[in-house]
Amino acid sequence: MDVGQPAPDFEAEGSTGKVSLSSLRGKKVVLYFYPKSFTPGCTREIQRFVELYDEFIKAGAEVIGVSVDSVSTQKRFSEKYGAKFPVVSDHEKKISSSYGVLNEKGTSAQRVTFVIDAQGVIRAVLRNLKKAEDHADRALEEVKKI
């Protein structure tokens, strides 16, 4: 998926129940994919999104975290770090595949963040950042531009 393309809709179960991208139409959305819950990089990343969450809300954006971990793992990960935003399970790898972020082995998602505008169009794609937690800071910068 690239900038300017419509973001593929999805419905998934996660830490806050069922979530769909289309239900958030009218809001900006930060959709961040990460490889595996409870690993060091992914832990730093969720912690930074949690720290900045109120700023995302003030900027009119919702945050959704996605990995191929199970729903129960996502709930534990979310609870441990106090995420107020949904952390969803892509256990069947459909969301990661539709966004083109499944790793080469097909075992997990790559660390990629999509910033989606209120009309459902991808406005920024963040990948290959030096530190996992930089995704939250950069995503917030991008949200504020739209």
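Trainee: Where is C42 found in this structure?

Mentor: Good place to begin. Keep in mind that this is a predicted model. C42 is found in helix 1. The UniProt record, an unreviewed entry, places the feature "active site" at C42.

Trainee: Is C42 buried or exposed?

Mentor: To decide, look at the relative accessible area; a residue under 20% is called buried. C42 has a relative accessible area of 1%, so C42 is buried.

Trainee: Which residues is C42 in contact with, leaving aside neighbours within four places in sequence?

Mentor: Those are Y34, P35, K36, F77 and R111.

Trainee: Now helix 1 itself. How does its span compare with what its 19 residues should give?

Mentor: Helix 1 covers residues 40–58. At 1.5 Å a residue, its residues should span 27 Å, and the end C-alpha atoms are 28 Å apart, so the two values agree.

Trainee: At which residue does helix 1 bend?

Mentor: Find L52 in the model: helix 1 bends there by about 55 degrees. Just after the helix, you can also find G60, which takes a positive phi of about 80 degrees.

Trainee: How do I read which side of a helix faces inward?

Mentor: Start with the general idea. An α-helix has 3.6 residues a turn, so residues three or four places apart point the same way. Now take the case here: the buried residues of helix 1 are G41, C42, T43, E45, I46, F49, L52, Y53 and F56.

Trainee: What do the buried residues of helix 1 pack against?

Mentor: Their partners include strand 3 (28–33), strand 4 (61–67) and helix 2 (71–81). Strand 5 (87–89), strand 6 (112–116) and helix 4 (134–145) are also among them.

Trainee: And K58, is that buried or exposed?

Mentor: K58 also belongs to helix 1, but its relative accessibility is 73%, so K58 counts as exposed. Try tracing from K58 to K144 too: they are 86 residues apart in sequence, while their C-alpha atoms are 9.7 Å apart in space.

Trainee: Let's turn to strands. How do I read their two faces?

Mentor: In a regular strand the side chains alternate between the two faces of the sheet. Strand 1 (residues 11–14) shows this with a covered face, made of A12 and G14, and an uncovered face, made of E11 and E13.

Trainee: Which way do strand 1 and strand 2 run?

Mentor: They run antiparallel, and 4 bridges join strand 1 to strand 2 (residues 17–20). For one bridge to look at, pick E11, whose partner in strand 2 is S20. The link between strand 1 and strand 2 is a hairpin through 2 residues.

Trainee: Why is strand 6 described as largely enclosed?

Mentor: Count its buried residues: 5 of the 5 are buried, so the rest of the structure largely encloses strand 6. V112, F114 and I116 point one way and T113 and V115 the other, and all are buried.

Trainee: How many bridges pair strand 3 with strand 6?

Mentor: There are 5 bridges, in the antiparallel sense. L31 stands opposite F114 in strand 6. F114 also has a bridge partner in strand 7, namely V125. Strand 6 and strand 7 (residues 122–127) run antiparallel and are joined by 5 bridges. These two strands form a hairpin with 5 residues between them, and G120 in the turn has a positive phi of about 90 degrees.

Trainee: Which side chains make polar contacts with the side chain of Q74?

Mentor: First, place Q74 in helix 2. At 0% relative accessibility, Q74 counts as buried. Its side chain has a polar contact of 3.1 Å with the side chain of Y34, and another of 2.7 Å with the side chain of S37. Beyond residues up to four places away in sequence, Q74 touches several others, including S15, V66, D69 and V88.

Trainee: Last one: where does H91 lie?

Mentor: H91 lies in the loop between strand 5 and helix 3 (94–98). H91 counts as exposed, because its relative accessibility is 55%. Not counting residues up to four places away in sequence, H91 touches V68, D69 and S70. Look closely at V68: its backbone oxygen lies 3.0 Å from a polar atom of the H91 side chain.

Key: Residues are numbered from 1 along each chain as its sequence is written. This is a predicted model: local features need pLDDT of at least 70, side-chain atom pairs count only at pLDDT 80 or more; totals for chains, interfaces and linings use all residues. Side-chain values use heavy atoms; hydrogens and water are left out. Buried means under 20% relative accessible area, exposed over 50%, partly exposed in between (1.4 Å probe, protein chains only). Two strands pair if DSSP finds at least two bridges between them. The expected span of a helix is 1.5 Å times one less than its number of residues. The bend at a residue is the angle between axes fitted to the seven residues ending there and the seven starting there. Contact means heavy atoms within 4.5 Å. UniProt positions are given in the numbering used here, feature names are shortened, and annotations may be inferred rather than shown by experiment. A polar contact is a pair of N or O atoms within 3.5 Å; within protein, one must be able to donate a hydrogen and the other to accept it, and residues adjacent in sequence count only if both atoms are side-chain atoms.
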